[in-house]
Amino acid sequence: EISEMSERSKQNVAHGLAWSYYVGYLKIVLPRVKKSMEEFSRANPNALACRDTWKLHILVPLSCDIYDDLEKADSNIRYLTNLTETTLTRAGTKKRVYKHSLYAIRDKDKLWHCAVEYATPLQSLYAMSQDESAAFSREDRLEQAKLFYRTLEEILKGSKECAGTYRLIAYDESGEAETHFLSREILWHLRQQRHEEYALCEGNQPHNPSMTLSSTELNIQISESDLPQPLRSDCF
């Protein structure tokens, strides 16, 4: 009965997508990110000067609107190259390839370099909201995007293998008409990573950009009762 209620309210959608994304992808690639960045840095010593940004930056737009080509999303974002590939045999596929793209983000006259990509499960949420048979409204999509972010954040926080290898960038771009909105969001996170250690030592609190959403804000927007509950009462 609990399972049916959860299914009707679509609480399992984002929860399942977040776990699948972690187990089937992030848990595999994130522990290898720093090694790939280090290899690139040795060959290009001037490109990746700040080690604090040697992470995979994962974009989480709450609109679930994803561009396949980041350069088309924002002209201040320029593709540089792919990092070293990871090749594994997975689920019957021989030599499955995992790789990340490195981008240059223009900040006035300066360039920042980072590995960045969208959280691909959001494409599924968007597609569901466009398919009548899924009975998935735009409001459902927004709530599930928030829940996906919160769930993924909690999963990654508890993952020792992935510690220090990622940066989640959740944002709400609804109503934004700014041409360089996306690069602005990424740049804020890159700057914050560079200055985080200094800010903590000095007791300064970094200022959040107006449209970037913190987990605290998302906690307020989603009540605890909205989260999927265990089917067994003796789980805890």
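In this predicted model, strand β4 covers residues 93–98 and includes K95. The backbone at K95 is worth a pause, as its phi is positive, about 55 degrees, although K95 is not a glycine. Most residues other than glycine have a negative phi. K95 also counts as exposed, because its relative accessibility of 66% lies over the 50% cut-off.

A second positive phi belongs to C64, where the angle is near 65 degrees, again in a residue other than glycine. C64 sits in a loop, the one that links β1 (56–61) with α3 (70–73). Is C64 buried or exposed? With a relative accessible area of 2%, C64 is buried, since this value falls under the 20% limit. The two residues thus offer a handy pair for a newcomer to look up: C64 is buried in its setting, whereas K95 is exposed.

Turning to confidence, the protein chain has an average pLDDT of 80, and 75% of the residues reach at least 70. Which elements mark the two ends of the confidence range in the chain? Strand β1 has the highest confidence, with a mean of 97, while helix α1 (residues 2–8) has the lowest, with a mean of 47.

Two further stretches call for some care. Across residues 204–211 the pLDDT remains under 50, and the model gives this stretch 14 contacts beyond four places in sequence. Residues 220–236 likewise have a pLDDT below 50, with 23 contacts in the model beyond near neighbours in sequence. Where pLDDT is low, the predicted coordinates should not be read in detail.

Terms used: Residues are numbered from 1 along each chain as its sequence is written. This is a predicted model: local features need pLDDT of at least 70, side-chain atom pairs count only at pLDDT 80 or more; totals for chains, interfaces and linings use all residues. Side-chain values use heavy atoms; hydrogens and water are left out. Helices (H or I, at least four residues) and strands (E, at least two) are DSSP runs, numbered from the N terminus. Buried means under 20% relative accessible area, exposed over 50%, partly exposed in between (1.4 Å probe, protein chains only). pLDDT is the predictor's confidence in each residue, from 0 to 100. Contact means heavy atoms within 4.5 Å.
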